[in-house]
Amino acid sequence: MAQSKMQNIAKEFPVKTGVDRKDRRELAKMLTKIIGSSHVLYAKTRGVHWNVVGPAFYSLHKMTEEQYEDLNEAIDEMAERIRAIGFQAPTGLSEMMNHSVIADQTKLLPANDMVKELVEDHDKLSRLLRDGVAEADDADDVKTADLLTERLGVHEEAAWMLRATIS
Ligand SMILES: [Fe+2]
(Lines give C-alpha, C1' and ligand atoms only; values in the text may rest on other atoms or scores of the structure.)
Protein backbone atom coordinates (compact mmCIF):
# COMPACT_ATOMS: atom_id res chain seq x y z
CA MET A 1 0.00 0.00 0.00
CA ALA A 2 2.62 2.52 1.07
CA GLN A 3 4.73 1.33 -1.85
CA SER A 4 2.05 2.10 -4.46
CA LYS A 5 1.40 5.53 -2.95
CA MET A 6 5.10 6.30 -3.22
CA GLN A 7 5.03 5.44 -6.89
CA ASN A 8 2.58 8.25 -7.54
CA ILE A 9 4.99 10.93 -6.34
CA ALA A 10 6.69 12.81 -9.17
CA LYS A 11 10.24 11.64 -9.51
CA GLU A 12 13.11 12.24 -11.84
CA PHE A 13 12.60 10.98 -15.38
CA PRO A 14 15.46 9.56 -17.41
CA VAL A 15 15.39 12.19 -20.16
CA LYS A 16 17.72 11.49 -23.07
CA THR A 17 17.37 14.42 -25.44
CA GLY A 18 21.03 15.43 -25.56
CA VAL A 19 21.42 17.67 -22.48
CA ASP A 20 23.57 16.29 -19.66
CA ARG A 21 21.75 15.32 -16.47
CA LYS A 22 23.94 17.64 -14.38
CA ASP A 23 23.09 20.56 -16.64
CA ARG A 24 19.38 19.72 -16.64
CA ARG A 25 19.46 19.61 -12.87
CA GLU A 26 21.04 23.06 -12.68
CA LEU A 27 18.52 24.38 -15.18
CA ALA A 28 15.65 22.94 -13.13
CA LYS A 29 17.04 24.86 -10.13
CA MET A 30 17.29 28.03 -12.19
CA LEU A 31 13.72 27.58 -13.45
CA THR A 32 12.54 27.06 -9.87
CA LYS A 33 14.11 30.40 -8.89
CA ILE A 34 12.43 32.12 -11.81
CA ILE A 35 9.08 30.49 -11.01
CA GLY A 36 9.33 31.43 -7.31
CA SER A 37 10.21 35.01 -8.23
CA SER A 38 7.39 35.15 -10.76
CA HIS A 39 4.94 33.95 -8.11
CA VAL A 40 5.92 36.69 -5.69
CA LEU A 41 5.75 39.25 -8.50
CA TYR A 42 2.31 37.88 -9.46
CA ALA A 43 1.03 38.52 -5.93
CA LYS A 44 2.54 42.02 -5.80
CA THR A 45 1.14 42.88 -9.22
CA ARG A 46 -2.33 41.90 -8.07
CA GLY A 47 -1.82 44.03 -4.96
CA VAL A 48 -1.31 47.06 -7.23
CA HIS A 49 -4.22 46.01 -9.48
CA TRP A 50 -6.58 46.02 -6.50
CA ASN A 51 -5.27 48.96 -4.53
CA VAL A 52 -4.08 51.53 -7.04
CA VAL A 53 -5.73 54.98 -6.70
CA GLY A 54 -5.19 58.30 -8.42
CA PRO A 55 -5.28 59.68 -11.97
CA ALA A 56 -3.54 56.62 -13.44
CA PHE A 57 -6.05 54.26 -11.85
CA TYR A 58 -7.66 52.91 -14.99
CA SER A 59 -4.48 52.40 -17.02
CA LEU A 60 -2.59 50.82 -14.12
CA HIS A 61 -5.55 48.65 -13.15
CA LYS A 62 -5.76 47.32 -16.73
CA MET A 63 -2.02 47.04 -17.28
CA THR A 64 -1.43 45.10 -14.08
CA GLU A 65 -4.25 42.72 -15.01
CA GLU A 66 -2.50 41.89 -18.29
CA GLN A 67 0.78 41.47 -16.44
CA TYR A 68 -0.48 39.10 -13.76
CA GLU A 69 -2.36 37.02 -16.33
CA ASP A 70 0.85 36.73 -18.35
CA LEU A 71 2.79 35.74 -15.20
CA ASN A 72 0.21 33.07 -14.42
CA GLU A 73 0.64 31.47 -17.84
CA ALA A 74 4.41 31.80 -17.79
CA ILE A 75 4.69 30.14 -14.37
CA ASP A 76 2.77 27.17 -15.73
CA GLU A 77 4.89 26.94 -18.86
CA MET A 78 8.16 27.12 -16.94
CA ALA A 79 7.06 24.54 -14.35
CA GLU A 80 6.07 22.20 -17.16
CA ARG A 81 9.49 22.77 -18.72
CA ILE A 82 11.07 21.48 -15.48
CA ARG A 83 9.01 18.29 -15.85
CA ALA A 84 9.97 17.98 -19.51
CA ILE A 85 13.67 18.12 -18.62
CA GLY A 86 13.12 15.43 -16.03
CA PHE A 87 12.79 17.08 -12.62
CA GLN A 88 10.18 17.98 -10.00
CA ALA A 89 8.31 21.25 -10.26
CA PRO A 90 7.98 23.32 -7.07
CA THR A 91 4.85 23.11 -4.95
CA GLY A 92 3.38 25.33 -2.25
CA LEU A 93 3.68 29.03 -1.50
CA SER A 94 6.56 28.70 0.95
CA GLU A 95 8.67 26.88 -1.62
CA MET A 96 7.90 29.67 -4.10
CA MET A 97 8.91 32.31 -1.57
CA ASN A 98 12.05 30.45 -0.50
CA HIS A 99 13.28 30.41 -4.10
CA SER A 100 12.30 33.97 -4.98
CA VAL A 101 14.85 36.71 -5.67
CA ILE A 102 11.98 39.19 -5.27
CA ALA A 103 11.03 40.33 -1.77
CA ASP A 104 7.45 39.91 -0.65
CA GLN A 105 5.30 42.96 -0.04
CA THR A 106 3.91 43.09 3.44
CA LYS A 107 2.21 46.50 3.56
CA LEU A 108 0.47 48.92 1.28
CA LEU A 109 2.45 51.90 0.02
CA PRO A 110 1.44 54.95 -2.02
CA ALA A 111 0.60 53.87 -5.59
CA ASN A 112 3.74 55.43 -7.11
CA ASP A 113 6.00 53.65 -4.64
CA MET A 114 4.34 50.30 -5.31
CA VAL A 115 4.73 50.81 -9.05
CA LYS A 116 8.39 51.80 -8.58
CA GLU A 117 8.92 48.60 -6.64
CA LEU A 118 7.31 46.58 -9.45
CA VAL A 119 9.70 48.21 -11.93
CA GLU A 120 12.68 47.19 -9.78
CA ASP A 121 11.25 43.68 -9.46
CA HIS A 122 10.83 43.31 -13.23
CA ASP A 123 14.41 44.53 -13.68
CA LYS A 124 15.65 42.04 -11.10
CA LEU A 125 13.77 39.21 -12.79
CA SER A 126 15.21 40.30 -16.15
CA ARG A 127 18.73 39.98 -14.73
CA LEU A 128 17.95 36.52 -13.38
CA LEU A 129 16.49 35.53 -16.75
CA ARG A 130 19.59 36.81 -18.56
CA ASP A 131 21.70 34.50 -16.37
CA GLY A 132 19.23 31.70 -17.10
CA VAL A 133 19.51 32.19 -20.86
CA ALA A 134 23.32 32.07 -20.65
CA GLU A 135 23.16 28.93 -18.52
CA ALA A 136 20.71 27.21 -20.88
CA ASP A 137 22.83 28.21 -23.89
CA ASP A 138 25.96 26.80 -22.26
CA ALA A 139 24.11 23.51 -21.69
CA ASP A 140 22.80 23.46 -25.28
CA ASP A 141 19.24 23.45 -23.97
CA VAL A 142 17.93 25.60 -26.79
CA LYS A 143 14.29 25.17 -25.83
CA THR A 144 14.81 26.47 -22.29
CA ALA A 145 17.03 29.27 -23.64
CA ASP A 146 14.24 30.19 -26.05
CA LEU A 147 11.57 30.20 -23.34
CA LEU A 148 13.68 32.32 -21.00
CA THR A 149 14.65 34.72 -23.80
CA GLU A 150 10.97 35.31 -24.47
CA ARG A 151 10.35 35.93 -20.76
CA LEU A 152 13.23 38.38 -20.63
CA GLY A 153 11.60 40.47 -23.37
CA VAL A 154 8.25 40.42 -21.57
CA HIS A 155 9.77 41.70 -18.30
CA GLU A 156 11.80 44.42 -20.01
CA GLU A 157 8.63 45.59 -21.70
CA ALA A 158 6.59 45.45 -18.47
CA ALA A 159 9.24 47.55 -16.69
CA TRP A 160 9.10 50.12 -19.50
CA MET A 161 5.31 50.38 -19.38
CA LEU A 162 5.18 50.71 -15.61
CA ARG A 163 8.02 53.22 -15.61
CA ALA A 164 6.23 55.30 -18.25
CA THR A 165 3.13 55.64 -16.05
CA ILE A 166 5.06 57.22 -13.18
CA SER A 167 7.68 59.37 -14.91
FE1 LIG B 1 -9.50 42.36 -11.46
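Arg 130 counts as partly exposed, at 46% relative accessibility, and this residue, which has its place in helix H5, is a convenient point from which to enter the structure. The model is a predicted one, and the values given below are to be read with that in mind. From Arg 130 a contact leads to another part of the chain, for Arg 130 forms a salt bridge with Glu 156, in which the closest N and O atoms are 2.7 Å apart. This pair links distant parts of the chain, with Arg 130 in helix H5 and Glu 156 in helix H6, 26 residues apart. Glu 156, like its partner, is partly exposed, with a relative accessible area of 39%. Arg 130 can also be placed relative to Leu 148, since the C-alpha atoms of these two residues, which are 18 residues apart along the chain, are separated by 7.8 Å.

With this starting point in hand, the reader may turn to the chain as a whole. The chain has six helices and zero strands, and when it is read along the sequence it follows the pattern α-α-α-α-α-α. The C-alpha atoms fill a box of roughly 55 × 40 × 20 Å, taken along the principal axes, and of the 167 residues in the chain, 41% are buried. An unreviewed UniProt entry places the feature "domain: Ferritin/DPS" at residues 29-166. Over residues 29-166 the chain is 80% helix and 0% strand, and the C-alpha atoms at the two ends of this stretch are 35 Å apart.

The salt bridge of Arg 130 is not an isolated case, for the count of salt bridges comes to eight. Another of them joins the side chains of Asp 121 and Lys 44, with a distance of 2.8 Å from N to O. Because Asp 121 lies in helix H5 and Lys 44 in helix H2 (residues 21-51), this pair ties together parts of the chain that are 77 residues apart in sequence. How accessible are these two residues, buried or exposed? Asp 121 counts as buried at 5% relative accessibility, and Lys 44 is likewise buried, with a relative accessible area of 2%, so both fall under the 20% cut-off that defines a buried residue. The pair also belongs to a wider arrangement, in which Lys 44, Glu 117 and Asp 121 are linked in a network of salt bridges.

A further salt bridge brings together the side chains of Arg 151 and Asp 70, again with 2.8 Å from N to O. Here too distant parts of the chain are linked, as Arg 151 is in helix H6 and Asp 70 in helix H3, 81 residues apart. The two partners can be described by their accessibility: Arg 151 is buried, with a relative accessible area of 4%, whereas Asp 70 is partly exposed, with a relative accessible area of 27%.

Helix H3 and helix H6 come up again when attention moves to the surface, where a negative patch is formed by Glu 66, Glu 69, Glu 73, Asp 76, Glu 77, Glu 80, Asp 146 and Glu 150. The elements that give two or more residues to this patch are helix H3 (57-84) and helix H6 (142-166), and helix H3 gives the most, with six residues. One residue of the patch, Asp 76, is found in helix H3 and is partly exposed, with a relative accessible area of 42%; this value is over the 30% that a residue must exceed in order to be taken into a patch.

Helix H3 also holds a residue of another kind, Ala 74, which counts as buried at 5% relative accessibility. Ala 74 and Asp 113 are 39 residues apart in sequence, and in space they are 26 Å apart, C-alpha to C-alpha.

The last stop is a residue outside the helices, Asp 140, which lies in the loop between helix H5 (111-138) and helix H6. The phi angle of Asp 140 is near 60°, which is a positive value in a residue other than glycine. Asp 140 counts as exposed, at 59% relative accessibility. The loop that holds Asp 140 runs between helix H5 and helix H6, and these helices are the ones that carry Arg 130 and Glu 156, the pair with which this account began.

Conventions: Residues numbered from 1 in each chain as written. Predicted model: local features only at pLDDT ≥ 70, side-chain atom pairs only at ≥ 80, totals over all residues. Heavy atoms only, no water. UniProt positions renumbered as here; feature names shortened; annotations may be inferred. Helix = DSSP H or I, 4+ residues; strand = E, 2+ residues; numbered from the N terminus. Patch = residues over 30% accessible without salt bridge, like charges linked within 9 Å, V, L, I, M, F, W, Y side chains within 5 Å. Areas by Shrake-Rupley, 256 points an atom, 1.4 Å probe, with all protein chains shown as cover. Salt bridge = Lys/Arg side-chain N within 4 Å of Asp/Glu carboxyl O. Lys, Arg positive; Asp, Glu negative; His and termini not counted. Charge placed at Lys NZ, Arg CZ, Asp CG, Glu CD. Buried < 20%, exposed > 50% of the residue type's maximum accessible area, 1.4 Å probe, protein only.
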